[in-house]
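Thanks for sharing this one. Here are my notes, in the order I would go through them with the model open beside you.

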Amino acid sequence: MTVHRTRLTRTARPHRRRGAAPPSQYDGHRSLGTRLLARLSSERGDVPGWVMITLMTAAIVVALWAVASDQLVAIFENALAPFLGEEF
């Protein structure tokens, strides 16, 4: 099954004759590595999108930390003070 933008569709399956060997026996001449590589290359993902989201999130964290590091540390220490038995 493959996922498209708005709906799910089934991939077309080749028709087999009755009594024919299952598909796993058809590929007996191809190595396991070749079959695995073919399987993995057939699945396409949105890798550039995820890389961009990850880099943008890291950039936002770095920018916030550069601007407000003292305040963030103070907030964290004040939040943990009651559990550590310290006065704030």
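1. Confidence first, since this is a predicted model. Among the elements of the protein chain, helix H1 (residues 23-26) has the lowest mean pLDDT, 54, while H3 has the highest, 92. The chain as a whole averages 76, and 58% of its residues score at least 70. Where pLDDT is low, the predicted coordinates should not be read in detail.

2. Next, the overall layout. The protein chain holds 3 helices and 2 strands. Starting at the N terminus, the order is β-β-α-α-α.

3. Please spend a moment on H3, which covers residues 47-84. How far does this helix span between its end C-alpha atoms? The value is only 43 Å, whereas a straight helix of 38 residues would span 56 Å at 1.5 Å a residue. Look also at Ala-68: a kink of about 90 degrees in H3 is centred there. Just after H3 comes Gly-85, with a positive phi of about 75 degrees.

4. Now the surface. Of the 88 residues in the protein chain, buried ones make up 3%. The accessible surface of the chain is about 8,900 Å², and carbon and sulfur atoms account for 62% of that area.

5. One patch is worth finding on your screen. Trp-65, Leu-72, Val-73 and Ile-75 together make a nonpolar surface patch of about 380 Å². Leu-72, one of these residues, sits in helix H3. Why does Leu-72 count as partly exposed? Because its relative accessibility is 35%, and the partly exposed class lies between the buried limit of under 20% and the exposed limit of over 50%.

Terms used: Residues numbered from 1 in each chain as written. Predicted model: local features only at pLDDT ≥ 70, side-chain atom pairs only at ≥ 80, totals over all residues. Heavy atoms only, no water. Helix = DSSP H or I, 4+ residues; strand = E, 2+ residues; numbered from the N terminus. Expected span 1.5 Å × (residues − 1). Bend = angle between axes of the 7 residues up to and from the residue. pLDDT = per-residue confidence, 0-100. Buried < 20%, exposed > 50% of the residue type's maximum accessible area, 1.4 Å probe, protein only. Areas by Shrake-Rupley, 256 points an atom, 1.4 Å probe, with all protein chains shown as cover. Patch = residues over 30% accessible without salt bridge, like charges linked within 9 Å, V, L, I, M, F, W, Y side chains within 5 Å. Salt bridge = Lys/Arg side-chain N within 4 Å of Asp/Glu carboxyl O.
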